[in-house]
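Open the structure in your viewer and keep the sequence panel beside it. The stops below say what to select and what is found there.

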Amino acid sequence: MTRLDRLRELAPVTSSPVTADFYDRLIGEAGSFAEEGEPVDAETERECVRLVLREARLLDQARFEDWLRLFTADAVYWIPHVAGGGDPRREVSLAFDDVRRLGDRVARLRTGSAWSQVPASRTCHQLTNLEAWRGLRAGTVRVRSTFVVHESRGAVERSLPGWCGHLLRVEDASWRIVLKQVNLLTADLGLENMSLVL
Amino acid sequence: MKGQTRAGAANAPERDAPIALARLDRDFDHLVREDRVHRAVYTDPEIFTSEMLRVFGGTWTYLAHESEIPEPGDFRTVRLGLRPLVVVRDASGRVHALFNRCMHRGATVCRVERGSASHFQCPYHGWTYRNDGRLTGLSLPKGYGPDFDRSQLDLRRVPFVESYRGFLFGTINPDAPPLLEFLAGARDLIDQWLDRYPDGNVIVRSAAHRMVYRGNWKLALDNAIDGYHPPFSHRSLLEMAAERAGGSDEGRDMQWWSGDVDESPMYVQALGNGHTFADQRPAVFPSSWAQQRPQPGREAYEAALRAAVGDEKAEALLQIAVGSQMNLNVFPNLLLIGSQIQVIEPIAPDRTQLTWYATTISGVPDEVNVLRMRSQEDFLAFGEPDDQANFEECQRGLSIPEIEWIDFRRHAHTGTERRDERGVVTGLVTDELGMRHYYEEWKRLMTVPLRAVTR
């Protein structure tokens, strides 16, 4: 199986889960990160935090295909310009990727000719302030964290802080990501080269 | 300008005598040749400073879109070159471009990006200005003697502000031609860009996408009129799109950028006054909607549109849910790319911010505008960053003093250009005529006597 075939398995090109109802639910889920929710039991919290930390490590290791496996088929990777997300039906974002477009993102990085990633970013995803609460829907968990992504790319070194909302549910006996919303501190300000995966 | 009514100019106090804008003492005929340009125009801090006075101010410069300040009191803070401005709609609906600078000791009076206000009060000593610039109050006025003339202390302004179909431009040069004359051949293309839409307008509503690169502002202008770079600079996007489309022409996007593009029906144009245009429309296949890379929500929203208005109307609406395939550049700082308004904002000789404003349109079902949001994210994520990486590497290469020239000779001597009765010159898509054209206007603005007024 070629790299592209594997990618098509992980990130099918045939359809998108995004519908009008999907946007409604997503806006509700994203809005829920602003408030504390009910706590989850200790074991669930441990497992969910483990997943979020694993995700960060996979990105730092540039294991993008393994990283894609952590997302559900209806997942969204979202980097808004508006704090907390706003309404993506009315706003453009730095990234608003369903799994299909996320697969495109990874495919482009793998071509080796994405000049904004030549040389490629080296990253340290640093996570703190982790909180885990029940999600709005049964069986889901919200994890809110503070992050700093330290990046070294060629001669440029910088750090991108913010807070992150992960919405998780169990699929195939593992916690997986339904929504990853990356809220950069400087989301609405001028940003250099945002081709890295946050 | 004689007999011309301008927004913000009626009932203004008598103008000061114009001042002359300083001219940098350089041999611009040496720096800007017929088909090449000296690296100094991209690197020299003194040239940059002079550009910020003469190019950004001495001619019409894009300030903001009227839809960003729809109601009386609405304002946006922007820059004219490096000068902070407040662009505001007063109580009567007239738009003013006020210098964001208290007449007392120079502090900015407005500190936020956008909002609504009837007055601006300086946070330092409380001087208060109405939103048309009039000084309406200051505390402890008996601290000023009998010669203190408050009528001379209104906020200064960009005295000439005009709008063309929602695009607000300003200049401080009393000798600038009327805006319509300045737009020259760009005017008809602005009309084409807008007349795709049922109501003939666009609306700026979404938060902006701001991209910063470590390079000179003119590198963005060079790229905006460049039909030579896509297969190379955007190689990763074209490869990825082809791979993911799995051999289909549908959803491949930009597939006409392969092979000898000079054999394609695409073209570039020099429109007059430094404005330029690159047209992909003749090459697009199978259709704008069909070729667009699939976006989140594509299937459901297309189905919803078809269900709502029927196939025929839906087909037409889907075509305007995606980009225009036009790249229209209004010198010096306004680029209409796809569906978006891009503004070039110089920061330093080697630093530039490009602000992209996604647009929505009225008179269409909501689904069309939702699709427009997703489609306007695509190129900025997967195409533009590679161009900007190349801009930064140009700036690095141009730091070498011993290698002096930037080469703009493509198709200058192949006899493939045509000039029409308006003076618009059309060339093959890889022709570098656009750069040669805007540099003529650049050189003019850097060298001719220019005057300025600020009220």
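## First stop: a helix residue in chain A

Select Glu45(A), which is partly exposed, with a relative accessible area of 30%. This is a predicted model. Glu45(A) sits in helix α3 of chain A, which covers residues 42–60. Now show what surrounds Glu45(A): leaving aside neighbours within four places in sequence, the contacts are Val40(A) and Ala132(A). For a sense of distance, add Gly112(A) to the selection; 67 residues separate Glu45(A) and Gly112(A) along the chain, and their C-alpha atoms are 38 Å apart.

## Second stop: a loop serine that meets chain B

Go to Ser116(A), in the loop that links α5 (99–110) to β3 (122–134) in chain A. Is Ser116(A) buried or exposed? Ser116(A) is buried, and its relative accessible area is 2%.

Display the residues around Ser116(A). Residues up to four places away in sequence are not counted here; from chain A, Ser116(A) touches Arg108(A), Arg153(A), Asn193(A) and Ser195(A). From chain B, Ser116(A) touches Pro385(B), Asp386(B) and Ala389(B). Draw a distance between the side chains of Ser116(A) and Asp386(B): a polar contact of 2.6 Å joins them.

## Third stop: a four-stranded sheet in chain B

Move to chain B and colour the strands β6, β5, β4 and β7, in that order. They make up an open sheet with antiparallel pairing. At the edges are β6 (95–99) and β7 (114–116) of chain B, and each of them pairs on one side only. On average, neighbouring strands here are turned by 30 degrees against each other, direction ignored.

Zoom in on β5(B), residues 83–89, which runs antiparallel to β6(B) and is joined to β6(B) by five bridges. One place to look is Leu85(B), whose bridge partner in β6(B) is Phe99(B). β5(B) and β6(B) form a hairpin, with five residues between the two strands. In the turn, select Gly93(B), which has a positive phi of about 100 degrees.

Stay with β6(B) and show its side chains. How many of the five residues of β6(B) are buried? Five of the five are, so that the strand is mostly covered. Val95(B), Ala97(B) and Phe99(B) point one way from β6(B), while His96(B) and Leu98(B) point the other way.

Then add helix α3 of chain B (residues 45–58), which lies across β4 (74–80) and β5 of chain B. The helix runs at about 20 degrees to β5(B).

## Fourth stop: a three-stranded sheet in chain B

Further along chain B, select β8, β9 and β10, which form an open sheet in that order with antiparallel pairing. β8 (119–121) and β10 (135–137) of chain B are at the edges with a single partner strand each, so one side of each has no neighbour in the sheet. Neighbouring strands of this sheet are turned by 35 degrees against each other on average, direction ignored. Two bridges pair β9(B), residues 128–130, with β10(B) in the antiparallel sense. To see a bridge pair, pick Tyr129(B) and its partner in β10(B), Leu135(B).

## Fifth stop: cysteines without a disulfide

Select the cysteines. Over all chains, the structure holds zero disulfides. Why is Cys102(B) not bonded to Cys122(B)? Cys122(B) has the cysteine sulfur closest to that of Cys102(B), but the distance is 4.0 Å, too far for a bond. Cys102(B) is buried, with a relative accessible area of 2%. Cys110(B) is in no disulfide either, and the nearest cysteine sulfur, again in Cys122(B), is 11 Å away. Cys110(B) is buried too, at a relative accessible area of 7%.

## Last stop: the nonpolar cores

Finish with Leu184(A), Leu198(A), Tyr42(B) and Trp442(B), which touch the most other members among the 115 residues of the largest nonpolar core. Next select helix α14 of chain B (residues 433–447), which supplies the largest share of this core, seven residues.

Return to Leu184(A) and show its surroundings. Beyond neighbours within four places in sequence, its contacts include Ile79(A), Leu94(A), Phe147(A), Leu191(A), Met194(A) and Leu198(A). A second, separate core has 58 residues, among them Val18(A), Val178(A), Leu179(B) and Leu271(B).

Definitions and conventions
Residues are numbered from 1 along each chain as its sequence is written. Chains are lettered from A and ligands numbered from 1 in the order in which they are written. This is a predicted model: local features need pLDDT of at least 70, side-chain atom pairs count only at pLDDT 80 or more; totals for chains, interfaces and linings use all residues. Side-chain values use heavy atoms; hydrogens and water are left out. Buried means under 20% relative accessible area, exposed over 50%, partly exposed in between (1.4 Å probe, protein chains only). A polar contact is a pair of N or O atoms within 3.5 Å; within protein, one must be able to donate a hydrogen and the other to accept it, and residues adjacent in sequence count only if both atoms are side-chain atoms. Contact means heavy atoms within 4.5 Å. Two strands pair if DSSP finds at least two bridges between them. Axes are lines fitted to C-alpha atoms, for helices over the stretch in contact, and angles run from 0 to 180 degrees between N-to-C directions. A disulfide is a pair of cysteine sulfur atoms within 2.5 Å. A nonpolar core is a set of buried Ala, Val, Leu, Ile, Met, Phe, Trp, Tyr and Cys residues joined through side-chain atoms within 4.5 Å.
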